Amino acid sequence: MQETKISCIIVDDEPFALELIQNYVSKTPFLELKGKCSNAFDALEILNFEKIDLVFLDIQMPELSGLELSKTISKETRIIFTTAFSEYALDGFKADALDYLMKPFNFEEFYNASAKAKEWFVLKRKEATENPKNADFIFVKSEYKQLKINFDEVLYFEGLKDYIKIWIVNQPKAILTLMSLKSLEEKLPDSKFMRIHRSFIVALDKIEEIERNQVIINKQRITVADQYKNKFQKFISKNSIH
């Protein structure tokens, strides 16, 4: 049976930590190192242009912290936080990290955390094989009913704390459902939808205009937030005639 391979990057502003974790990765047969970064911005460059499964992410870094970076990372990419400060542990788990390594950690601790990540990816890949993500709709619970939402009819999703407003073509009133935008994002096909703001996921084929840092859908202006600009610009460039 073929070994499950997990692509990963290391993000840490301490040179010694970068070298140590790189050494640990080289000793772990199922990990494939795709890059090491001394700051969060270099990591974003890799994450925006390459599919990365796992990030070994330091929390305390200058300018953009690991916790701030984690909020911009696709939910298909998992995180193992690495830090010398135990007070960040709760924040790390709130960010849905797979694990949390306290510096200084040894190879056994690193390997155990990596093995946990491997188990997660094995399970997810098995689910993807058995249940391919090719449906063009989802069901959501709204007012005690399960409503079918056809992707082709969605304009955009708007997050409101624990609720989501689903705006549909030719419907003046949004559908309200109890769900987080984060959990919804995991269920949507990347080819059709993109998160461009902490509170908005838009249907790419419903974008009518782009004006500076805003998209216009059904007369609604939605700002492209800074942390999503690179990914959105890549989409625009790919679909532009020069």
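**Close-up views**

**View 1. Asn-218 counts as partly exposed because its relative accessibility is 47%, where buried means under 20% relative accessible area, exposed over 50% and partly exposed in between (1.4 Å probe, protein chains only).** The model is predicted, so that local features need pLDDT of at least 70 and side-chain atom pairs count only at pLDDT 80 or more, while totals for chains, interfaces and linings use all residues. Residues are numbered from 1 along each chain as its sequence is written, and side-chain values use heavy atoms, leaving out hydrogens and water. Asn-218 sits in the loop between strand S14 (214–217) and strand S15 (220–223), and its phi is near 55°, a positive value in a residue other than glycine. Helices (H or I, at least four residues) and strands (E, at least two) are DSSP runs numbered from the N terminus.

**View 2. Glu-63 also has a positive phi, near 70°, in a residue other than glycine.** The loop that holds Glu-63 lies between strand S3 (54–58) and helix H3 (66–70). With a relative accessible area of 73%, Glu-63 is exposed.

**View 3. The peptide bond from Lys-103 to Pro-104 is cis, with omega near -5°.** Pro-104 belongs to the loop between strand S5 (99–102) and helix H5 (107–130).

**View 4. Thr-4, in the segment before strand S1 (6–11), is shown with its contacts.** A relative accessibility of 18% is why Thr-4 counts as buried. Leaving aside residues up to four places away in sequence, Thr-4 touches Phe-30, Lys-118, Val-122 and Arg-125, a contact being heavy atoms within 4.5 Å.

**View 5. Helix H2 (residues 40–49) is shown with its buried residues, which are Ala-40, Ala-43, Leu-44, Ile-46, Leu-47 and Asn-48.** These buried residues of H2 pack against three strands, S1, S2 (31–37) and S3 (54–58), and against helices H3 (66–70) and H7 (229–238).

**View 6. Helices H1 (residues 15–26) and H4 (residues 89–94) are shown for their mean pLDDT, the predictor's confidence in each residue, from 0 to 100.** Among the elements of the protein chain, H1 has the highest mean pLDDT, at 97, and H4 the lowest, at 54. Over the protein chain pLDDT averages 87, and 90% of the residues score at least 70. Where pLDDT is low, the predicted coordinates should not be read in detail.
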